[in-house]
Amino acid sequence: MTTGNGTQPGAATAPADPVIVVGAGPVGLLLAGELRLGGAGVVVVDDRPGPTTESRASTLHARTMEILDSRGLLAELGLPANEPRGHYGGLPLDLTLPSSHPGQWKVSQTRTEELLQRWARALGADVRRGLRVRVLAQDATGVSVEAEAADGSVVRLRGCLLVGCDGELSTVRELVGAELAGREAGREMLRADVRGVRIENRRFQRLPGGLAVAATREGVTRVMVHEFGSTVRPRSGPPGFEEVAAAWKRVTGDDISGGTPLWLNSFGDANRQLTRYRYGRVLFAGDAAHQQMPVGGQALNLGLQDAFNLGWKLALEAGGRAPEGLLDSYHRERHETGRRVLANIRAQSDLLLGGPEAEPLRALCAELLALAPVRENLAAAISGLDIRYADGAGEPSLLGRRLPPSVLDTGAGEVWTPALLRSGRGLFLDLGPGPVTANAGAAAVVAGWTDRVVLARGRPRPGGALSSATALLVRPDGHVAWVGGRTPADRWAGAHDALRRWFGPAGRRKADAARGQEISAAIGARIDTGIDSSLT
C-alpha cells in the first residue's frame, strides 16, 4: 500500500518537497506550526505584506482556547477579556460549560496572527509575504505553484501537498475549480470601527427599522447595522462611511457621521460549503472551505479547528508515515463538523436578520433557551465543545471526544493534561490503578510508536472527567482515539489496532525516535508548569 504522496509507509526519509500553505491568516499560520511540530517542511505564501491590521474576528471560543493551551500559546496572550454570555441569533446565551476556558475571549485578529506567526516561524516555517498565487498544477508526485511578487517577478514553488487557507475569496479554490454549494448571500450587515463618537452600547437591539449593535473598547466604537427588508448590494470594495452612518441614523436615530472611521466592511448571510475538502494533493481549510455569516465569532474558530485537525495528519502524509485513509479522515470529520456549524449559523442569521415576521419564532427560542438541556446543547455547539467525530460513536463516552483538560498526579508532581500535548504528537495515557511509576505494560504497548506517540502515566483526581478511565490513546489534536478496557484482561485490547490506524505501522526511525525522546524529556522537565489552580 502506498500513501497519497507515493511513498511507502515507514519510508526512511520524508520527501524533499515541503507542504505549501496559501494564506498567512490565523488558519494558515496555525496549520504551518502544526506541520512543523510533525516534522514536515512548510512554505506559507500570502499576498499581504504583513499580518492584518484590520479588526475582523475578535472572539476565541472555549475549544480554541484549549487548543492554544495545548501548544503552550496562552501565556503570551496574558488574560484577555472574558465574557461568559454569548448569544444565539441575538438572544442571550450563557456559554458557561465544563472547560478550562469557558465563555468567549476577546482577542483581536491582529494579535492572534502576530502570535501564530512568531510561533510558526520559531518552529522553522518559511513564511513568505507579498506573493500572489497565479498558477497551480498538480501531478502524481506533487504540486507546482507560480506566484507573482510585488515587483512583478515570478516565484516558482514545488510542494508535495498544498492547502488553501486563503479565505472567502480563495484563489486556490478558483484555480482548482472547487465550487461552494449552498445559499448565496441575500441580506447583509454594515460594520465600522469608529473613533470619536459617544453612543450607547447596543447588544443586538431590534428596533422598528432594523438591527443595531454597538460596543466601545479603548476609545473605538464598533457599530453594526442591518435594515429590515434590505438586500445585499453589489460591491467592489467595502461600503463608504457615509453609507454606514446613514443606515445607522435611519435605524437608531443617532448621528455618527462626525466620527473618524478606522475600518469598514460588510458581510452577508451566505451559507456555503465545499462538497469536498480534498482535491487530490490540494486541500482546503477555514473560509476557503466554508462561507458563513460571522455570527458569534464562529467562523474564525471553525477555521482554526480545521487546521488543528489537519496539521498532524498532513505531517504524517508528507513524511511517508501516514496509514491508509488518514488524510481522507480530514474531509470526513471536518466536513460534517462544518455542515453542523453552518446549519447552526443559518438558523441564527434568520433569527437575527428577520424582520417582524421573525418575532414569534424568537419568542419561542427565548423560552427554549431557558431550559438547561437546550442551553447546554447550543452553548456546546457554539463553543466547539460538542465535537465527537463519527469514529467515536457509541460508548464509552470519551471515545471520539476531546480530552477533557484535567490534572494528573504523576508521583513527581501534578501535570495539566494540555501540557502533555505540546509536542504535537500522539499521547498514550496510562491512568490505571497501582503505583504511578509502574508503566511497564503501557511502555510495551506503545514501544513501536515512540517516535510518534508520547507515553505518560498519572492518577486522575477522584470524581474528575478521567476518573473512570484506565488508559487512553489521544490524537495530536486532542481527540480520544482509543479507550482501555476496565478489567486487567482487556485493559490493552485494541490498542495496537488504534495505534496502527492513526499513526501507521510500528517501527521507529532513528531520527524521529531521537526527536521523540527529546520532546518527552522536555515535557517531563516541565510537568509542574501549565496548571492554573483557579481553573481546576
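In sorting the residues around a cavity, Ala, Val, Leu, Ile, Met, Phe, Trp, Tyr, Cys and Pro count as nonpolar, Asp, Glu, Lys and Arg as charged, and the others, Gly among them, as polar. With that division in hand, the lining of the largest cavity in this predicted model comes out as 5 nonpolar, 3 polar and 4 charged residues.

The structure holds 3 cavities of 30 Å³ or more, and the largest of them encloses about 90 Å³ of space. Its lining includes Arg-63, Glu-66 and Ser-70, together with Phe-308, Arg-402, Leu-403, Pro-405, Thr-417, Pro-418, Leu-421, Asp-477 and Gly-478. Helix α2, which spans residues 62–70, gives the largest share of this lining, with 3 residues.

The second largest cavity has a volume of about 70 Å³, and among the residues that line it are Arg-63, Ile-67, Gln-305, Phe-308, Asn-309, Arg-334, Tyr-389, Asp-477 and His-479. Here α2 and α7 (298–318) each supply at least two residues, while the largest share, 3 residues, comes from α7. By class, this lining has 4 nonpolar, 4 polar and 3 charged residues.

From the cavities the reader may turn to the aromatic side chains, which form 6 aromatic pairs in the structure. One of them joins Tyr-279 and Phe-284 in an edge-to-face arrangement, with 6.1 Å from centre to centre and 90 degrees between the planes. Tyr-279 has a relative accessibility of 12% and therefore counts as buried, since buried means under 20% relative accessible area; Phe-284 is also buried, with a relative accessible area of 0%. The ring of Tyr-279 has a further partner in Arg-276, whose charged end sits over that ring at 3.9 Å from its centre.

A second pair is formed by Phe-428 and Trp-492, whose ring centres lie 6.0 Å apart and whose planes stand at 35 degrees, so the pair is tilted. Because Phe-428 belongs to strand β25 (residues 426–430) and Trp-492 to the loop between β29 (480–483) and α12 (495–503), this pair ties together parts that are 64 residues apart in sequence. As for accessibility, Phe-428 is buried, with a relative accessible area of 0%, whereas Trp-492 is partly exposed, with a relative accessible area of 26%.

Aromatic residues also gather in a cluster, made up of Trp-312, Trp-502 and Phe-503. One member of this cluster, Trp-502, has Arg-475 lying over its face, at 4.6 Å from the ring centre.

Methods. Residues are numbered from 1 along each chain as its sequence is written. This is a predicted model: local features need pLDDT of at least 70, side-chain atom pairs count only at pLDDT 80 or more; totals for chains, interfaces and linings use all residues. Side-chain values use heavy atoms; hydrogens and water are left out. On a 1 Å grid over the protein atoms alone, a cavity is a set of points where a 1.4 Å probe fits but cannot get out, and a pocket is an open set with protein on both sides within 12 Å along at least five of seven lines; lining residues have an atom within 4 Å of a point. Grid points are joined across faces, edges and corners, and a volume is the space filled by probe spheres set on the points. Helices (H or I, at least four residues) and strands (E, at least two) are DSSP runs, numbered from the N terminus. Rings of Phe, Tyr and Trp (its six-membered ring) pair if their centres lie within 6.5 Å; planes under 30 degrees apart count as stacked, over 60 as edge-to-face and the rest as tilted. Buried means under 20% relative accessible area, exposed over 50%, partly exposed in between (1.4 Å probe, protein chains only). A charge sits over a ring if NZ of Lys or CZ of Arg is within 6 Å of the ring centre and within 35 degrees of the ring normal.
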